[in-house]
Structures are given as C-alpha cells and as structure tokens.
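Thanks, everyone. I'll take a few minutes to walk through one model, and I'll keep to what can be computed from the atoms.

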Amino acid sequence: MAVLLRNLLRHSPEFRIGAVLIAVVLLLATLASVSPSPPEIVYVVPPDLPPSPTYWFGTTSRGQDVFWQLSFAIRNTLLFGCNVALTSRVIALTVGLISGYKGGWTDRALMSVNDTLIVIPLLPILVLFYFVMRDQISWLMLALIMACFGWAYDARLIRSVVMSLRAREFTQTCLFSGMSTRQILTEEHLPYVLPIVFSTTMNNMVWSIGLEVTLAVLGFTDIDRPTIGGMIYWANQHTAMVAGVWWWIAFPTLTVVVAFIGLFLLAVSANAYIDPRSRLWTTGGAS
Amino acid sequence: MSGYAAYVGRRLGQFLLVVFIGINVAYVITHASPIDPVEQSISAVSSYGNTAPGAIEQMRNSLRDLYGLSGTPSEQYLLFWKRILRADFGPSMSAFPTPVATLIGRALPWTVGLLSVSTIVAWGLGNLLGGLAGYYRQSRGLKLMGVIAMGLHPIPYYIVAMLLLIVFGFVWPVLPITGGSTMNLPQTWTPEFVLSVLQHAILPALSLILIGVGSWFLGMRALVSNVLAEEFVLYAELAGVKPWRILTLYVMRNAIVPQVTGLAMSLGGIFNGAVITEKVFGYPGLGSLLVDAVYAGDYGLVLGVTTISILGVSVGVLLIDLTYPLLDPRVKIS
C-alpha cells in the first residue's frame with residue numbers, strides 16, 4: 001500500500017494534484033470540530049460582512065460565519081457522499097460477483113434489473129420521494145435511496161472482470177479443491193476486483209454529491225442540516241447575489257468544485273494505475 | 001434479418017421492463033411511505049382557521065379519491081396502472097381545473113427540443129474532438145482541451161448553469177437569462193418567434209453542452225488510442241491510406257460503437273441535468289413544471305411528470321438502441 005501510494009505520488013501528476021485538493025477539503029472539514037459555535041444557531045456574528053481578517057470568508061445575512069458554516073457543510077456533504085458510496089459498493093460487489101460468476105439465467109435476470117436502474121432518470125424519483133416525505137426526510141434516508149440506484153453501472157464493470165476471472169485456470173483449481181462458491185468469490189475473486197472498486201468509489205461520490213447539491217439547492221432535502229447545497233439554498237433565499245453578498249455563494253461553490261475535481265483526478269489516476277499498459281507507461285516499468 | 005428481429009425483441013423487452021420497474025418504484029414511493037399525503041394536505045388547509053368537521057370529512061374523501069388511495073391495496077395498484085395507461089392524472093391542483101396531461105403536453109416540446117439538440121451537439125462535438133485528440137497526441141491545443149474537459153466534466157449541472165447565469169446575467173448581459181421565448185409574443189411559427197426561441201435556448205443548451213462534451217471527449221480519446229494499437233491501423237498506414245481517411249473511416253468508425261451504447265446508458269443522467277438547467281433558466285419545460293409542482297404541493301402533477309420522464313427517457317433509449325445495428329453489423333449476425 002505504501003509502495004503503491006509512493007509510486008502514484010511520484011509518477012502520476014493527476015494523483016498529486018488530486019491528493020492536494022482533497023487534503024485541503026478534508027482539512028476544512030475536520031476544522032468543523034473546533035468551530036466556536038454550532039451551525040444551527042443564527043445571528044451569532046454581525047450579518048452581511050465582506051471577507052476580512054476577523055471573518056475570513058465573510059458572514060451571511062443570517063448572521064453566521066461563512067468559514068465555520070462552510071466547514072460543517074463540506075463535512076456533512078462528504079459524509080453523505082461516503083455513505084452513498086459505501087452502501088452502493090456493497091450492493092455493486094454482491095451483484096457483480098454473483099452475476100459474473102454464475103452466468104446463465106441468474107446473470108440475465110440481474111443484468112436486466114441492472115440496465116433498468118442505469119437508464120431510469122433518478123432526479124424525478126428523488127423529487128417524488130421528497131414530495132411524499134416532506135419534513136420527515138432525513139439525510140440517511142436520502143443516502144439509502146440514492147445507494148439503491150447508484151450501484152448499477154459499477155456492478156456491470158465488476159461483472160465483466162469476474163467473467164474473465166472465471167475463465168482462468170485458478171478458478172478451476174479452486175473449484176476442484178472443494179472451495180464453495182462464496183469462498184471462491186470472496187477469497188479469490190474479490191482481491192482482483194478491489195482496485196476497480198476504489199476508483200469507482202470516487203466517481204460514485206462525485207455523482208451522489210452532485211445530486212445532493214442539486215436537491216438541496218432546490219430545497220428538496222433536510223435544509224436545517226448544513227450542506228453545500230443547503231448553504232446555496234439559504235443564500236438564494238436571501239437573494240445573496242442581488243444583495244451583493246457574493247461570498248455566501250462563491251465560497252461554497254469553490255469548495256465543492258475543488259472537492260469534485262480532486263475526487264475525479266484521484267479516480268482517473270487510480271484507473272490509469274489499474275490498466276497495466278498505461279501503468280507501465282506512467283511508471284516507466286517500475287512496479 | 002432474423003438476427004435483427006431477435007435484437008429488436010430483446011430491446012423491446014428491456015424497454016417494457018424499464019417502464020414497469022420505474023412505474024412500480026413510483027407506486028411504492030407514493031403508497032408505502034409512512035406519511036399520508038391526504039392528512040398532510042388537510043392539516044395544511046385546516047390550520048388556517050375554522051373548518052367544519054363535516055367539510056374536513058368531505059375533503060378527506062375527495063382527496064383520497066384524487067390521490068387514488070381509496071379501496072384495497074390491490075385495487076389501488078390496478079387503478080394506478082389504469083390511470084397511467086390512459087395518461088389520466090386528474091386535474092392539476094395548482095392550475096385548477098387544467099388537466100395534468102394538458103400541462104405536461106405543453107411543457108414536453110420544450111424539454112424534448114432542448115434536450116435532443118444539446119445532447120446531439122455535445123455528443124457529436126465531444127466525439128469529434130476526442131477522436132482528433134486521440135489521433136494527434138502531440139497537438140498542444142487538443143491537450144489543453146483535454147485538461148479543460150477534465151476540469152469541467154465532474155462539476156454538477158447546477159453550478160455550471162449558475163455560473164453562466166452570473167456571467168451572462170450580471171457581468172455581461174447580452175443573452176436572455178430566463179424564459180423560453182420573449183413574453184407577449186404569439187407562439188406561432190413566425191420568424192420573430194423562432195428567433196427568440198433560439199436566442200433563449202442558447203444559455204440552457206450551452207450549460208448542458210459544456211458539461212456533456214467532457215465525458216464524450218475523454219471516452220473517445222481513450223477509445224481511439226486503444227484502436228490505434230490494432231494491427232489493421234498499422235496495415236492501413238503501411239498501405240499508404242491517407243491519415244484523415246484512417247482516422248475517420250478506420251479508427252473513429254470502430255470507436256463510435258461503444259459511444260452509442262454510452263449515449264443510451266447516460267440518457268437518464270442527461271435528463272436529470274435538463275431538469276436543473278430548466279429550473280435555473282426558467283425554461284418552460286418538464287423540469288420547471290416538476291419543481292414548481294413540488295412547491296405548489298400538486299400531487300397529480302408531480303406524479304405525472306415523474307411518470308412521463310421515465311417513459312420519455314426509456315423511449316429515447318429504445319430509439320438509440322434500434323439504430324445501433326446500423327453501426328454495428330455484428331448484431332444482425334449473432
């Protein structure tokens with residue numbers, strides 16, 4: 001693992017830039033634990049102040065410090081993304097491994113459902129969900145629903161890898177030495193699949209955070225919980241752009257864009273590293 | 001030909017499955033949630049003053065009928081399907097008594113127009129530039145384009161749309177930032193109206209294209225550099241085929257096939273983006289209709305738009321799938 005990270009740092013400029021961007025965002029998110037005031041309280045500082053040495057990113061029209069608000073928001077947003085990514089990884093791995101290994105009718109049935117979930121437009125369904133739940137909606141519920149829809153694309157990817165693994169000799173050896181299907185899948189095939197899972201995790205986070213921001217900006221989530229989208233929602237509610245309180249929108253937008261580009265670059269570099277041809281090309285032959 | 005028929009049959013089956021699962025998800029969400037939309041509406045209405053108990057009871061019954069919540073669960077389920085197959089979502093609550101179907105019919109052409117044009121432009125442009133970038137690897141301009149595509153691609157639609165809105169609405173106001181056409185203009189096929197529609201579509205379309213181009217560009221570049229390693233390309237080069245001909249007819253012709261599949265797979269996601277773009281630019285399509293319906297608490301309209309979106313996206317995917325054999329003759333043989 002350490003060797004892998006060192007190689008990536010040394011040979012992949014994408015990984016270097018991505019890691020720095022993500023480190024900055026993570027630092028901001030961890031600062032939330034030393035915030036001087038909880039994020040729900042309004043009018044703790046004078047409202048509408050531009051960025052200054054006292055209030056680095058200015059203050060909002062609701063009398064909150066944008067910097068501390070932002071650190072809570074990015075923490076919650078990242079937590080949301082991780083939550084969706086982890087849950088959907090479990091589903092994607094299960095479906096991908098089983099579908100690829102079993103083949104036949106199991107595979108066909110699972111992939112039909114899989115293709116369906118890829119195609120269905122999710123946003124109207126999430127909006128419908130919000131419409132029914134209204135104030136009862138919680139971020140965990142939303143994360144769960146998104147995870148139920150967000151695994152399909154990656155399950156297909158995992159399935160294709162497992163299909164090629166099944167055709168290799170070591171699978172036959174395992175089978176003849178009496179390993180059960182579960183053992184073969186978890187002990188033999190899973191390690192081959194994990195690198196792909198890592199790179200899809202980043203992409204999945206980008207996807208789910210993007211959707212969450214979108215929903216929150218429209219006010220279709222739990223708006224009392226500070227998230228990036230929630231901050232932009234409140235800024236829009238107070239017509240921040242027209243009132244000239246640009247820092248209320250600019251800093252959340254900037255932070256989420258930095259997070260997105262960082263995650264995306266990490267995914268790209270991980271992808272390049274997985275592909276042996278391009279790995280040889282980037283590392284010049286070293287491991 | 002029988003191969004093609006089997007292919008079409010399979011695709012039709014998949015289409016029906018998508019619609020079936022999509023509608024069922026909508027049913028489960030609306031009927032199995034612990035929140036009763038009827039009681040919510042009633043408490044919202046009755047909190048504003050004195051309402052006679054009899055009137056509340058009457059309201060409860062008519063709302064139950066309207067939401068399709070009366071009768072046993074199996075009756076409700078059948079009723080749900082019957083309404084959808086007849087495209088009958090009842091009258092809209094927020095634009096009473098206009099039927100939901102009429103409102104959707106009014107909004108649909110805007111969304112279909114915006115979405116189809118911007119998707120085709122983004123797909124075509126991304127593939128063309130991506131193909132060039134994969135073939136001419138040393139070109140500085142194309143490399144720069146790759147970096148820009150990489151930077152733009154992961155940013156969510158909302159942020160890009162908002163940035164465009166700020167730039168062209170506040171910083172440099174040259175383009176109309178809201179609406180589908182100039183107000184007070186009769187919606188007939190006059191040159192004036194068409195021109196104003198095109199002008200209003202520039203910004204929403206631009207935001208969709210800016211986001212869309214990136215992924216097609218990156219995908220095509222990777223595919224082309226894979227195809228370039230194939231032996232038939234080397235053979236063509238040795239045989240003295242002109243580079244442009246190799247790129248278009250040999251390399252890109254082969255690389256375009258997975259990109260068509262990719263287009264069909266990403267249509268749902270592109271539609272999500274259109275919903276947001278429409279809301280940001282106040283474009284009078286399905287997206288604005290959906291969001292406004294939620295704000296207005298219009299149950300029939302929300303359900304109607306959701307169903308129509310699922311149906312519309314699956315039809316789009318089916319159409320792309322049906323043209324696929326034209327590009328990949330292998331489908332006909334197997």
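Start with chain B, which has 13 helices and zero strands. Keep in mind that this is a predicted model. Read from the N terminus, the elements of chain B are simply α-α-α-α-α-α-α-α-α-α-α-α-α. Along the principal axes, its C-alpha atoms fill a box of roughly 90 × 55 × 40 Å. Of the 334 residues in chain B, 36% are buried. Take the contacts in chain B between residues at least 6 apart in sequence: 72% of them join residues at least 24 apart.

One helix as a sample. H3 of chain B covers residues 53-67, which is 15 residues. From first C-alpha to last, H3(B) reaches 21 Å, close to the 21 Å expected at 1.5 Å a residue. After H3(B) comes B:Gly68, with a positive phi near 70°.

Next, a single residue, B:Tyr27, found in helix H1 of chain B. Is B:Tyr27 buried or exposed? Neither label fits: it counts as partly exposed, because it has 18 C-beta neighbours inside 10 Å, and buried would take 20 or more. Leaving out residues up to four places away in sequence, B:Tyr27 touches B:Tyr77 and B:Phe80. Its C-alpha is also 12 Å from that of B:Gly304, although the two are 277 residues apart along the chain.

Now the interface. On the chain B side, 42 residues are in contact with 33 residues of chain A. Which elements of chain B give two or more residues to that side? They are helices H1 (2-32), H2 (37-46), H7 (157-171), H10 (243-281), H11 (286-296) and H12 (299-327). By class, this side of chain B has 29 nonpolar, twelve polar and one charged residues.

That leads to the core. The largest nonpolar core has 157 residues, and those touching the most other members are A:Val127, A:Leu128, B:Leu290 and B:Val302. Helix H12 of chain A, residues 246-274, gives the most to this core, with 16 residues. As for B:Val302, not counting residues up to four places away in sequence, it touches A:Val127, A:Leu128 and A:Phe131 from chain A, along with B:Leu290, B:Ala293 and B:Val294.

Last, helix H6 of chain A, residues 139-149. Buried there are A:Leu142, A:Ala143, A:Ile145, A:Met146, A:Ala147 and A:Phe149. What covers these buried residues includes helices H3 (66-102), H4 (104-119), H5 (122-133) and H9 (181-217) of chain A. That's where I'll stop.

Note on methods
Residues numbered from 1 in each chain as written. Chains lettered and ligands numbered in written order. Predicted model: local features only at pLDDT ≥ 70, side-chain atom pairs only at ≥ 80, totals over all residues. Helix = DSSP H or I, 4+ residues; strand = E, 2+ residues; numbered from the N terminus. Expected span 1.5 Å × (residues − 1). Contact = placed C-beta atoms within 7 Å. Nonpolar A, V, L, I, M, F, W, Y, C, P; charged D, E, K, R; others polar. Buried ≥ 20, exposed ≤ 12 C-beta atoms within 10 Å, placed from the backbone. Core = buried A, V, L, I, M, F, W, Y, C linked by C-beta atoms within 7 Å.
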